[in-house]
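Let's take a walk through this model together. Keep the viewer open and turn it as you read.

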Amino acid sequence: MIPARAHASLELLRTAAALAVVGVHAAAMVLVSLLGGEGSGWWAANLWDALCRWCVPVFVMISGAVLLSGPADEAAGDFYRRRAKRLWQPAVFWTLFYLALHALTDPLWSPLRAAASIVRGTPWYHLWYLYMLPGLYLLTPFLRRLIAHSSDAELRGLTAACCVLAALSAATPPASATFLTSFLPFTGYFLLGHLLFTHSTQPRSPRLLMLALSAGILVALGADLLRPWLGSRAMEVMYAYQNPLVLLMAVCLFQLGLRQHAGFITRLANLCVALAPLSFGIYLIHPLWLLLLAKVGIDGLLWHPAIGIPLTTLAVFALSALSTALLLRLPFLKLTVR
């Protein structure tokens with residue numbers, strides 16, 4: 001059983017990560033528009049994107065904290081049935097939804113291109129996460145047993161090894177053409193979530209925040225400094241979720257969320273309880289709102305990106321949360337967002 005305060009901390013992290021995901025994609029739209037550009041607009045988008053890159057790692061770490069804390073003796077079949085029941089409906093519904101959206105908006109769309117996007121796990125750019133999750137679920141029963149029979153030192157060593165191997169793989173061009181192995185680079189984060197959740201070291205909050213900010217700024221600087229040599233791939237390398245600087249950001253912010261003082265958690269409790277159950281739906285729906293708002297000229301370039309990106313992020317987050325809350329009230333659609 002997860003303690004109430006720890007549960008509130010995870011809810012806070014879940015809500016913050018959902019907001020940061022929207023921020024990443026709002027900034028990415030500006031970066032695509034200003035590709036190869038210079039100036040304060042490009043730098044604002046680059047810095048915003050870099051500072052939000054912890055979002056997906058924290059989502060994976062939350063899953064690790066919750067799922068790997070489950071009973072080691074639970075039958076693998078029982079676990080798979082429960083997770084499959086929750087995942088297959090959102091995966092099928094949103095795959096079909098975004099494939100239809102592609103058909104309506106992309107003049108180059110074809111059934112063959114649609115099939116290829118499913119094989120890659122990217123019917124839309126953000127759905128790769130849904131296609132990655134089954135791999136982590138596949139490992140969970142075995143990792144539970146491994147954790148139950150491993151010392152703390154062994155667990156730390158395994159987690160570190162997974163993170164290092166993932167970082168090395170992120171520095172080279174991707175080789176996989178399918179989603180089947182996409183979970184492997186996130187195994188370290190999955191284990192790390194459990195490790196930090198159960199063995200928190202309690203460093204000081206100001207130090208955690210300064211380390212996270214410094215890492216994010218270094219990601220942005222690296223993306224710019226590497227552009228003369230790597231071109232657009234510089235951002236892929238620096239923004240990669242397995243980049244050690246992104247790892248440092250995620251670890252610091254995860255610990256910061258876990259160790260919030262009770263008073264802070266109390267003040268945010270109502271907001272977290274309201275928004276955290278919507279986070280999955282927000283993740284799934286927000287690209288639609290980004291697209292719709294951009295169609296009417298509302299995006300990070302409506303004003304200077306330093307202002308436009310955060311305002312767009314908040315608007316899309318709010319619309320996505322409202323949409324998810326509505327879908328949760330509809331009997332045939334609520335299972336697609338929870």
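Start with a hollow: the second largest pocket has a volume of about 710 Å³. A word on how such things are found: on a 1 Å grid over the protein atoms alone, a pocket is an open set of points where a 1.4 Å probe fits, with protein on both sides within 12 Å along at least five of seven lines, and lining residues have an atom within 4 Å of a point. Grid points are joined across faces, edges and corners, and the volume is the space filled by probe spheres set on them. This is a predicted model, where local features need pLDDT of at least 70 and side-chain atom pairs count only at pLDDT 80 or more, while totals for chains, interfaces and linings use all residues. Residues are numbered from 1 along each chain as its sequence is written, and side-chain values use heavy atoms, with hydrogens and water left out.

Who lines that pocket? There are 23 lining residues, and Arg 14, Ser 63, Arg 83, Arg 86 and Phe 280 are the closest to the centre. At least two lining residues come from each of α1 (4-33), α3 (55-67), α4, α6 (128-148) and α14 (279-295); helices here are DSSP runs of H or I, at least four residues long, numbered from the N terminus. The top contributor is α3, with five residues.

Arg 83 has a second thing to show you: its charged end sits over the ring of Tyr 137, 5.0 Å from the centre. To count, CZ of Arg (or NZ of Lys) must be within 6 Å of the ring centre and within 35 degrees of the ring normal. Arg 227 does likewise over the face of Trp 42, at 3.9 Å from the ring centre.

Now look at α4, which runs over residues 76-105 and includes Ala 76. Ala 76 is buried, with a relative accessible area of 19%; buried means under 20%, exposed over 50%, and partly exposed in between, using a 1.4 Å probe on protein chains only. Ala 76 touches Pro 141 and Arg 145, leaving aside residues up to four places away in sequence, where contact means heavy atoms within 4.5 Å.

Further along come some rings. Phe, Tyr and Trp rings (the six-membered one for Trp) pair if their centres lie within 6.5 Å, and planes under 30 degrees apart count as stacked, over 60 as edge-to-face and the rest as tilted. That rule gives 18 aromatic pairs. In one of them, Phe 93 and Trp 94 have ring centres 4.9 Å apart and planes at 90°, so they are edge-to-face. Trp 94 also pairs edge-to-face with Phe 97, because their planes are at 70°, with centres 5.2 Å apart. Trp 94 and Phe 97 are three residues apart in α4, so about one helical turn separates them. Trp 94 is buried at 4% relative accessible area, while Phe 97 is partly exposed at 28%.

Finish at helix α9 (residues 205-225), whose 21 residues have end C-alpha atoms 30 Å apart, in agreement with the expected 30 Å. That expected span is 1.5 Å times one less than the number of residues. Its buried residues, including Leu 208 and Val 219, pack against α2, α10 (227-230), α11 (233-239) and α12 (244-258).
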